[in-house]
Amino acid sequence: MSPWLTIVGIGEDGFKGLGKNARRALLGASRIVGGQRQLDLLPLCIRGERQLWPSPFSLAPLLESRGAPVCVLASGDPMFYGVGASLARQVPSDEMLILPAPSSCSLAAARLGWPLQEVTIVSLVARPLAALNAQLFSGVRLLLLSNDGSTPAAVAQLLRDRGFGASRMSVLEHLGGDAERRFDATANQWTDMPIADLNVVAIECLADTCAPQLSRLAGLPDSAFHHDGQLTKRDVRAITLARLAPTPSELLWDVGAGCGSIGIEWMRAHPACRALAIEADEGRQQLIEHNRDALGVPGLQLVRGKAPHALAGLERPDAIFIGGGVTREGVFETCWEQLKPGGRMVANAVTLQSEMALMRWREQYGGELTRVHVAQAQPLGEFDTWRQALPITLLDLVKPLDA
């Protein structure tokens with residue numbers, strides 16, 4: 001099937017900034033679909049019928065006329081957080097012709113002289129600002145797609161709160177157009193000035209002397225989490241996550257999540273990792289909500305309820321951690337049934353009763369049992385001695401592909 005859908009990216013410089021193929025597509029189009037701002041950039045010589053996206057936004061009307069020639073007008077690069085990416089999920093590539101313009105981040109990198117491949121890009125468009133917390137490391141360069149004109153001031157406040165007030169900020173408005181402007185200051189110096197809704201925030205991160213920087217590797221300090229004592233401690237957490245082995249786009253169930261430490265560190269391993277934290281205690285639910293934002297993974301989903309009943313209807317996971325409810329009837333069986341073939345499961349036990357449950361499961365389902373002993377040096381009078389933490393038993397098993 002020849003392409004019936006042409007997607008043209010247009011910048012702030014409008015029709016004059018388009019290439020020959022993009023101009024020809026628009027001049028020959030009988031119908032052009034886009035947002036009001038993009039359609040207003042077209043000159044009068046474009047005769048095709050102009051059609052606004054429906055509100056609320058939907059691709060359905062466009063897809064219902066599939067096969068009829070149409071041109072979609074998008075902002076910048078349609079495949080960079082744009083409508084092109086949404087259409088590509090539903091329209092085969094051989095039915096589309098995509099003609100991109102430079103993205104706002106490409107233009108920002110060009111103005112700043114930053115190699116784009118060395119920059120971390122974060123979209124804050126309709127996304128929580130807390131996602132920025134996972135990206136703050138001295139020496140890192142960030143480009144942020146702002147939600148609106150209030151975003152730069154909110155970012156500056158977050159940087160100050162997190163101990164990155166010395167970071168250098170640049171805000172670039174209306175990139176590529178006649179109204180392009182740039183503002184520069186440190187986060188400490190930033191004032192709540194009027195900023196256009198169309199802006200990109202560039203940050204050269206610089207931590208204050210006392211600001212903690214938290215690695216993305218498993219095993220954050222216990223002090224990084226607010227908790228009530230129900231916390232998988234640092235060394236055991238690192239071992240547990242190594243066995244869970246997070247990879248991009250996979251989903252984890254953190255059953256009996258406590259303060260959410262396992263699910264949070266799973267999601268910090270890669271931006272595409274996903275997690276559900278299942279927790280029945282209201283106080284711990286609040287701890288999970290605090291910790292997920294403070295540690296930069298606001299996308300962690302909290303499931304309020306007690307396993308196994310709270311597991312009904314959830315998306316099937318690629319990995320499961322059972323940190324609470326090991327001895328509760330039906331928890332392991334439900335988790336094992338819902339785990340995808342080839343998925344990993346880790347269950348931790350600290351009491352004799354929960355350890356016996358792990359041994360029974362191993363007899364029935366196989367897997368590997370490991371006992372972890374951790375001791376820390378602590379004062380004893382004028383000397384030091386080893387203080388042994390409670391030993392932890394881990395059951396680590398993989399579901400057969402044919403199960």
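Is Glu-95 buried or exposed, and what is its relative accessible area? Glu-95 is buried, at 8% (buried means under 20% relative accessible area, exposed over 50%, partly exposed in between, with a 1.4 Å probe and protein chains only).

A word on the model: it is predicted, so local features need pLDDT of at least 70 and side-chain atom pairs count only at pLDDT 80 or more, while totals for chains, interfaces and linings use all residues. Residues are numbered from 1 along each chain as its sequence is written, and side-chain values use heavy atoms, leaving out hydrogens and water.

Let's turn to the charged pairs. A salt bridge here is a side-chain nitrogen of Lys or Arg within 4 Å of a carboxyl oxygen of Asp or Glu, and the count comes to 17. Three of them are listed below.

| Pair | Closest N to O |
|---|---|
| Arg-66 and Glu-95 | 2.9 Å |
| Glu-204 and Arg-141 | 3.4 Å |
| Asp-396 and Arg-243 | 3.8 Å |

Asp-396 lies in strand E19 and Arg-243 in helix H7, so this pair ties together parts 153 residues apart in sequence (helices, H or I with at least four residues, and strands, E with at least two, are DSSP runs numbered from the N terminus). Asp-396 is buried at 17%, whereas Arg-243 is partly exposed at 23%. Arg-141 and Glu-204 also join Arg-168 in a network of salt bridges.

Now for the interior. The largest nonpolar core (buried Ala, Val, Leu, Ile, Met, Phe, Trp, Tyr and Cys residues joined through side-chain atoms within 4.5 Å) has 30 residues. Helix H8 gives the largest share, 4 residues.
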